[in-house]
Amino acid sequence: MSFPLASTDWIIVINPSKASLSLSRPPSPLNTSPPSVADHKQIDTDALTESVLSATQGIVFRLLEYGIKVRAMPLNDPNGSFGLFVYAPDDVLIAEAHKSRVQDWYRGIGSTARTLKSPPPPPEISEITPSERLRLVYTLLTSPPYAGGMGITSDEEIVLQLGGRGGPVVDEIFALHDRAFAERIFKKGDRKIFLSAMDFSDLRSQYGEQVAYYFAFLQFYTLSLVPLTAIGAVIYYFLKPYSRIFTLVLLVYTALFQVLWKMRAAGLARQWASIAVSSADRPRPAHRPRPSRRRGTPLSPEAQAWRRTVTLLTISIPAVIALLFVAALMITAFLALELVVVEFYRGPLKPVVDLLPTVLYCLALPYMTTYYTRLSHTLTRIENHSSESSHTTSLTRKVFAFTALVCFLALGIVAFVIVPFEPVIEAWLVRKGWVPETGGAGTLGFNALRDRLFYYVATGQVVNFALEVLVPLGAGWMSKKKREEDNGKGISESEDDRVVLKQAKKELQLPQYDVYDDYAEMVTQFGFITLFSVCWPLAPLTCLLNNLVEIRADLFKITRLARRPIPHRADGIGPWSSNIAAVAWLASLCSPALTALYGSGTVPKDPAGVYPYVFGVGVVCEHAYVLFQSMLEGVLLGTPGRAVEAVPGSPVSAREGEDKSRMEKMVERVAGVGDVMEDVRGLLEKKVL
């Protein structure tokens, strides 16, 4: 089963230390405390070895059964992990590619349904891009057995109930970067201001449509800021803040941006033959088909969808709303504390005391974020989505709701409550005896919102860049010597294999790339501009300069500071389209309301009396915005067409008619189990782990 490690598709990392935890503490709903040192001492070494060997043998047998080649090699990390380097031969890859393309043809997605009247023929190996190759092999490795995959997973319940392989010992499944491409694409991005259409195609061929769509969106959004920046600069230098002209420009920009991006995304979907691929997403590996209580058979997709809807309405949505409400109360409390301390405190150590609310907020925010994110993952897991895209969409909406709340609520409270009602708040505090009558009435003033917005879009983005790029870069440099260990003992290696092993050990230490963080940063920035930049028209300029650096920073991050992304198919930016639409709708209310409130150039003396007018302006502008956007979509996008109908036919399985030949090859394929397991046993016996 030998093959050059340079041909490796995926690496399955086996972590024996996780097997020790599962052996010493069997999974139980009542056993939630962490294992103690005494528990570990009670583990029998032979039993641990046999547990690792048994799980690994199950994985290797399943790999060879499907015709996948595998080699076991040491990784020499602190956990004693070793890697199963897997490679799909050309015949297996072509069969999987043919199966995928026939399914696309039958479902009427991509370009095949429009151009072919019969199923497409098997592709040539040269027609399969690196991202498609990795996607097909990853799907084969991780898809559950009932969907035709191997079911390799770290979920012990999937192994026990659905016939998967692996269990807790499966630590990671990752692919190695193509270093030549990574170096080439980063140099391209470093030499020019914007990426070309060929660069986007190269990103797609290496990392999949999901990553390519992100960079296409980032560049499109950055280019859209150019005219807005020019108009904002003119408004800033020649007109006053909260200009009605700039408010109108923002509303037109918001509607145009969404419609033009939809046109751009549709063009890319046609170019990349990814039309409607999201409708044929692969089964989610962690999905558990729930059986019927009466028949004991899996529920139909309709019944599972109904049960998921009930879970959403009775558990997920109420829990998310409750937690968001608590977070809003905490943010409001911190702002109130800041108002009292900064504006009214005149005691000793004022410079130090003024920092207290900010310090407390910075300490509390990570805990709030961690707890909410953990709850969001738990709720989404309980929903038990059957496809990867629906799971990701549900999780993204939950987490981004919290991100938007943290970023936008504080500015909204400052703009609509604290600044206009500051004299009223001070009078109430004086009556309570909490501040002296000489307190700073009106010291926040007209520019309070502008100062906070400057922090978020300027200082905040510098800090974010440091956390995204500089900190991981420094951490990688500090741990460089720690990763430079011996390339393995007891396993014969060629010089090329040593190079690959060194790269594998290095990339194992890197974090998994998550496109969510990058999208969240851009959509949040879009919200700052459309919601609040009427108070500071130079905000688009600051964001434009940041994004010119961001394109290069993200290329650097994805090629050098993170593992190779798992290639995912996409026909757009997914749930982020609806997130942008929600932010845009909110902006159509907020931006005109701010202009109505502060358009006179001063803080209103009677805010309570002017608020009906402010509310009315916001509602009228929101209705006008919705009407304008609908007209734009009708003119530029046309009437939405019907979904492409599938060409009449019947599903064709790539394995149909091959059962006999598959059985004939079975003995030959699984004969390699002994060789691979001999290497694994040698690694354990020589304590390379």
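**Entry 1: L683**

I looked up L683 first and placed this residue in helix α25, which covers residues 673-685. The model I am reading is a predicted one. I then checked burial: L683 has a relative accessible area of 1% and is buried, since the cut-off for that class is under 20%. I also looked up a pair remote in sequence, L683 and A72. These two residues are separated by 611 positions along the sequence, yet their C-alpha atoms lie 8.8 Å apart in space.

**Entry 2: The chain as a whole**

I recorded 25 helices and six strands for the chain. Of its 689 residues, 47% are buried. I next looked up sequence separation in the contacts. Taking contacts between residues at least 6 apart in sequence, I noted that 78% join residues at least 24 apart.

**Entry 3: Helix α11 and the loops on either side**

I checked the length of helix α11, residues 244-271. Its 28 residues reach 40 Å from the first C-alpha to the last, close to the 40 Å expected at 1.5 Å a residue. At the N-terminal end I found a cap: a side-chain oxygen of S243 lies 3.2 Å from the backbone nitrogen of I245.

I then looked up backbone angles around this helix. Y242, in the loop between α10 (209-238) and α11, has a phi near 60°, which is a positive value in a residue other than glycine. I found Y242 buried, at 3% relative accessible area. Just after α11, A273 adopts a positive phi of about 55°. A276 sits in the loop that joins α11 to α12 (301-344), and its phi is near 65°, again positive in a residue other than glycine. At 30% relative accessibility, A276 counts as partly exposed.

**Entry 4: Helix α23**

I applied the length check to helix α23, residues 607-637. Its 31 residues should span 45 Å at 1.5 Å a residue, and the end C-alpha atoms are 42 Å apart, which agrees. I listed its buried residues as P607, V614, G618, E622, Y625, Q629 and L632. I then asked which helices these buried residues pack against, and found α11 and α22 (576-598). Just after α23, I noted a positive phi of about 80° at G638.

**Entry 5: Helices α4 and α6**

I looked up the packing of helix α4 (residues 90-107) with helix α6 (residues 130-142): the angle is about 90° and the axes are 10 Å apart. That makes the two helices roughly perpendicular, as the range for this class is 65 to 115 degrees. On the α4 side, I listed D90, V92, L93, E96, A97, S100 and R101 as making the contact, and on the α6 side E132, R133, R135, L136, V137 and L140. By class, I recorded six nonpolar, one polar and six charged residues in this contact.

**Entry 6: Helices α20 and α21**

I closed with helix α20 (residues 515-532) and helix α21 (residues 539-561), which pack at an angle of about 175° with axes 12 Å apart. I therefore entered α20 and α21 as roughly antiparallel to each other, the cut-off being over 145 degrees. From α20, the contact involves D518, E521, M522, Q525 and I529; from α21, I listed P540, C543, N546, N547, E550, D554 and K557. I noted that this contact divides into four nonpolar, three polar and five charged residues.

Key: Residues are numbered from 1 along each chain as its sequence is written. This is a predicted model: local features need pLDDT of at least 70, side-chain atom pairs count only at pLDDT 80 or more; totals for chains, interfaces and linings use all residues. Side-chain values use heavy atoms; hydrogens and water are left out. Helices (H or I, at least four residues) and strands (E, at least two) are DSSP runs, numbered from the N terminus. Buried means under 20% relative accessible area, exposed over 50%, partly exposed in between (1.4 Å probe, protein chains only). Axes are lines fitted to C-alpha atoms, for helices over the stretch in contact, and angles run from 0 to 180 degrees between N-to-C directions. Angles under 35 degrees count as roughly parallel, over 145 as roughly antiparallel, 65 to 115 as roughly perpendicular and the rest as oblique. Contact means heavy atoms within 4.5 Å. Ala, Val, Leu, Ile, Met, Phe, Trp, Tyr, Cys and Pro count as nonpolar, Asp, Glu, Lys and Arg as charged, and the others, Gly among them, as polar. The expected span of a helix is 1.5 Å times one less than its number of residues. A polar contact is a pair of N or O atoms within 3.5 Å; within protein, one must be able to donate a hydrogen and the other to accept it, and residues adjacent in sequence count only if both atoms are side-chain atoms.
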